[in-house]
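Here is a short briefing on one protein model. Please look over the sequence and the structure before reading on.

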Amino acid sequence: MTSSPAAPVPPATDPAFTPPTLGRRFGALVIDWVLCLLVANFFADPVRDGWAPVAVLIVEYGLFLGLFAQTPGMRITRLRCLDWSDGGRIGVPRALLRGLLLALVVPPLIMDGQRRGLHDRLTGAVIADAPRPTT
């Protein structure tokens, strides 16, 4: 008989929770931004229509964070976005709101001790390390 692994401790109640570095978070955002520019190129000129990549970023965050807890950039940098109180996914509506707040640029600049920006606190989210894949 094999024992199942212990359930993960939610970040809000985990005294050992250590937030990822700002460099990794910024790296994930840069990767996602480049992808958004490429996608926006299909239906608009991102240089002339500055709203297009921003709209793609909000939709990308809504779908990827809401459904998979990671954007492509977060997957590459081994990060994930979790619910602060239970450690689960934040869902599409909260992920869309988080993307919209992130697009305002100011919320990520106001961080607390767990490196949660205003956009994270308002949506009850936190960025955490993603587990390494087991082989």
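The notes below go from the overall fold to the cores, the cysteines, the aromatic rings and a few single residues.

The model is predicted. The protein has six helices and two strands. Of its 135 residues, 39% count as buried. A search of the whole structure finds zero disulfides.

**Fold and surface**

- Read from the N terminus, the elements follow the order α-α-α-β-α-α-α-β.
- Take the contacts between residues at least 6 apart in sequence: 63% of them join residues at least 24 apart.
- The accessible surface of the protein is about 8,000 Å². Carbon and sulfur atoms account for 68% of that surface.

**Nonpolar cores**

- The largest nonpolar core has 17 residues. Leu 65, Met 74 and Cys 81 have the most contacts inside this core.
- Five elements each supply at least two residues of this core: helix H1 (22–40), helix H2 (51–68), strand E1 (79–83), helix H4 (92–103) and strand E2 (125–129).
- H2 gives the most to this core, with five residues.
- Another core, of five residues, lies apart from the largest one. Among its members are Phe 17, Trp 84, Val 126 and Ala 128.

**Cysteines**

- Cys 81 counts as buried, because its relative accessibility is 0%, and buried means under 20%.
- Leaving out residues up to four places away in sequence, Cys 81 touches Leu 65, Ala 69, Met 74, Ile 90, Arg 98, Ala 125, Val 126 and Ile 127. Two of the residues named here, Leu 65 and Met 74, are listed with Cys 81 as having the most contacts inside the largest core.
- Cys 36 counts as buried too, at 1% relative accessibility.
- What would link two cysteines covalently? A disulfide is a covalent bond between the sulfur atoms of two cysteines. The search of the whole structure finds zero of these.

**Aromatic rings**

- How many aromatic pairs does a search of the whole structure find? It finds three aromatic pairs.
- Phe 43 and Trp 51 form a tilted pair. Their ring centres are 6.1 Å apart, with 40° between the planes.
- Phe 43 is partly exposed, at 49% relative accessibility. Trp 51 is exposed, at 53%. The cut-off for exposed is over 50%, so the two residues fall in separate classes.
- Phe 64 and Phe 68 also form a pair, with ring centres 6.0 Å apart. Their planes meet at 50°, so this pair is tilted.
- Phe 64 and Phe 68 are four residues apart in helix H2, so about one helical turn separates them.
- Phe 64 is partly exposed at 32% relative accessibility, whereas Phe 68 is exposed at 54%.
- Trp 84 has a charge over its ring. The charged end of Arg 116 sits there, 4.3 Å from the ring centre.

**Glu 60 in helix H2**

- Is Glu 60 buried or exposed? Glu 60 counts as buried, because its relative accessibility is 7% and buried means under 20%.
- Glu 60 is found in helix H2, the element that gives the most residues to the largest core.
- Leaving aside neighbours within four places in sequence, Glu 60 is in contact with Asp 32, Cys 36, Leu 65, Thr 71 and Pro 72.
- Glu 60 and Cys 36 are 24 residues apart in sequence. Their C-alpha atoms are 8.0 Å apart in space.

**Two valines**

- Val 39 is found in helix H1. Val 39 is partly exposed, with a relative accessible area of 39%.
- Which distance separates Val 39 and Pro 53 in space? They are 7.6 Å apart, C-alpha to C-alpha. In sequence they are 14 residues apart.
- Val 9 lies in the segment before H1. Val 9 counts as partly exposed, at 47% relative accessibility.
- Val 9 and Gly 87 are 78 residues apart in sequence. In space they are 7.1 Å apart, C-alpha to C-alpha.

Technical notes
Residues are numbered from 1 along each chain as its sequence is written. This is a predicted model: local features need pLDDT of at least 70, side-chain atom pairs count only at pLDDT 80 or more; totals for chains, interfaces and linings use all residues. Side-chain values use heavy atoms; hydrogens and water are left out. A disulfide is a pair of cysteine sulfur atoms within 2.5 Å. Buried means under 20% relative accessible area, exposed over 50%, partly exposed in between (1.4 Å probe, protein chains only). Contact means heavy atoms within 4.5 Å. Accessible areas come from the Shrake-Rupley method with a 1.4 Å probe; for residues, only the protein chains shown count as cover. A nonpolar core is a set of buried Ala, Val, Leu, Ile, Met, Phe, Trp, Tyr and Cys residues joined through side-chain atoms within 4.5 Å. Rings of Phe, Tyr and Trp (its six-membered ring) pair if their centres lie within 6.5 Å; planes under 30 degrees apart count as stacked, over 60 as edge-to-face and the rest as tilted. A charge sits over a ring if NZ of Lys or CZ of Arg is within 6 Å of the ring centre and within 35 degrees of the ring normal.
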